[in-house]
Amino acid sequence: MVQHKTPIVVAKGDGIGPEIMKATLTILQEAGSHLEIHEIEIGEKIYSRSTSTGIDPKTWDLLRAYKVFLKAPITTPQGGGFKSLNVTIRTTMGLYANIRPCISYFPVIDTKHPDMDLVVIRENEEDLYTGIEYMATFDVAESIKLISRPGSEKIIRYAFEYAKKHGRKKVTVFSKDNILKLSDGLFHKVFDQVAAEYPDIINEHWIVDIGAAKLADTPELFEVIVMPNLYGDILSDVAAQISGSVGLGGSANIGEHGAMFEAIHGSAPRKAGQNVANPSGLLLASLMMLEYIGQSDVAEKIHNAWLTTLEQGIHTYDIYQEKKSKAKVGTYEFAKAVVKNLGKKPSILQPVRYEPGGKAFIPPKISPSPTCVKVLVGCDIYIFAKPPLTHFLAKIERITGGNLHLTMITNRGVRVWPEGQPETFCVDEWRCRFTAKEVNRAVGQDHILQIQKMIASMGIDVVKMIALFTFDGSPGFS
Ligand code: NAD
C-alpha cells in the first residue's frame, strides 16, 4: 500500500540553518518518512529586501494551508525596526505552547546531571514578548509585560495534559509573584486553579530565582516545568546546556491551527558554513513533528539510530570529549552515521518507544472570564518633566476634576510625594495618581479627561494615562 505523504513547510534558515536542515532532511528521507516538502524562504534574505518582518506576505498562505512547519534557526538583524521572525510566526499562527524536552545522555555525553529528564513548557505568545515597547521620555524606555487569564490557562492546562499523556507525575510552575503580584500573580493563581483539576499529578510552585538555582543544581528533581515566556526562554536554554549541549535541544511550538518544530538554539552565525554544527536539536524537533503527524514508527527508528550514534562516540565538536568520544565529525558525517545506524537500538542508553499513531494535539479548554464588579476609581497620568519635583508640583497639585485629586506621585515606582525622601534618585518620567479622597470611590471617565486636558494646558507633556479599576472591591493596580 502506498502511504499518503504529509505536506510540510520547510525553511532552511540562516547561519548554520541550511547545514543542519540538510542533515536532518537526509536522515528523515533515508528513514522512510512520508513527507511532501514545500520550501519557503524566510529570514535574512527577506529582511535585506527591507521587509521588517523577515517574511513575505504570500508565505503565510503556505503556512496556513499546510499547518506543519519545520524551521531552521533564523538570524534576527540587529538594530531597531526589525521584528523577531520567530516571535512573529509563533504569535501570528497562535502557537501558544513551546515544548522543550531537556534530557541528559549520561554516560555517553558528559554532564554534571546524569539523571536529568525534564520538559520545559514555555508560554509562547505573551509576557514581554508581545514586543510592546515605548521610549516614554528622554530617560525612560518601557516594555509591557502582558499576562492574560486565557493565555495562562491554555499553557498551564497544556502542561498538565502533557504530564498526564507522558506519564509524568509532577508539574512545577516558576513565577515572580512576590514582586509582580498582578501579572505573575495571575499566572500563579490560574496554575493553582487548574492544578486542582488534576489530583493525581503533584503540583508545586517556586519563585523563579530560587527555582532557576535549583534547576541548575538539581534538575533531576523536576519533571514538567511550566513558565511564562521570558523565564521559559532563558531557563530552557540553561536546561539544554546543562544536559550536555544547547545543540541537543529540539522543540515543538503547538497551537490550535498548526505547529512549528525547531531547534532551541539560534543560527550560531560564527559556526556557519564550516560543517561543524550539531544537527541533533533540529533532528529531535523533526521527530516531534513526525510524532505529531502520526509517523511515530519512523520517529522511533531515527531516535534509536541517533542514540546509537551517540553511544558509538561519533560526536560533533560541541559534545566531543577527548577521552570518551571516538570521532569528532562534521554535520554531514554525523547525519551519515545516523543513517547507517537506522534499524539499530542503543545498548547503554535506554531505547525509546513511541506510541503508535502519534500523540494527538490537546485542544485547550478555556474557562469563561469570571464575572465581578469593575469600578473606575481613578487614573495614573504619566508626565514628562525634568527633575526635581518642585519644578512642577505646585502646578499639578492644584488640578482637580469632579471628585478626583492628586493623591500620589511616584518616580520609577518610588513614592516621592507626599512624604518623599530626599535621597530618592529621580528621572524625567513621573506617575501622578488622581483618585477620590475616599479610598476606592467611583469616579467618572469625563473627569479623567478633564484632568488630562488641564495638565496639557499647563504646558506639561502627558506621556500616557492608565485608568485604575477595582475588581469586586480589590484594587487592580499596584
Ligand atoms: P545561538 O544559539 O545561535 O548560538 C550560541 C552558541 O551556541 C554558538 O556560538 C555555538 O557555540 C553554540 N551552538 C548553538 N547551536 C549549536 C549547534 N547546533 N551545534 C553546536 N554548537 C551550537 O545563539 P546566539 O549567538 O545568541 O544567536 C544567534 C542568532 O540566532 C541571533 O540572531 C538570534 O536572534 C537568533 N536566534 C534564533 C532562534 C530561532 O530561530 N528560533 C533562537 C535563538 C536565537
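Good morning. I begin with the interior of the protein: its largest nonpolar core has 75 residues, and those with the most contacts inside this core are L70, I121, V226, F261, L290 and W306. Please bear in mind throughout that the model is a predicted one.

Which element gives the largest share of this core? Helix α9, spanning residues 280-292, does so with eight residues. The core lies between domain 1 (1-94 + 245-357) and domain 2 (112-243), because both domains give residues to it. As general background, nonpolar side chains in soluble globular proteins tend to be buried together.

Let me now turn to the chain as a whole. The protein chain has 478 residues, of which 52% are buried. Its secondary structure comprises 13 helices and 21 strands. Taken along the principal axes, the C-alpha atoms fill a box of roughly 80 × 55 × 50 Å.

I come next to the ligand. How many residues surround the ligand? There are 19, and the closest are I74, G266, A268, N278 and Y317. By class, this shell has eight nonpolar, seven polar and four charged residues.

Three polar contacts of the ligand deserve mention. Two involve the protein backbone: a ligand oxygen atom is 2.7 Å from a polar backbone atom of A268, and a ligand oxygen atom is 2.9 Å from a polar backbone atom of I74. The other involves a side chain, with a ligand oxygen atom 3.0 Å from an N or O atom of N86. As for the ligand surface, the ligand taken alone exposes 820 Å², and the protein buries 70% of that.

Thank you for your attention.

Key: Residues numbered from 1 in each chain as written. Heavy atoms only, no water. Near = heavy atom within 4 Å. Polar contact = N/O pair within 3.5 Å; in protein donor to acceptor, adjacent residues only side chain to side chain. Areas by Shrake-Rupley, 256 points an atom, 1.4 Å probe, with all protein chains shown as cover. Nonpolar A, V, L, I, M, F, W, Y, C, P; charged D, E, K, R; others polar. Core = buried A, V, L, I, M, F, W, Y, C linked by side-chain atoms within 4.5 Å. Buried < 20%, exposed > 50% of the residue type's maximum accessible area, 1.4 Å probe, protein only. Helix = DSSP H or I, 4+ residues; strand = E, 2+ residues; numbered from the N terminus. Domains from an automatic or database assignment.
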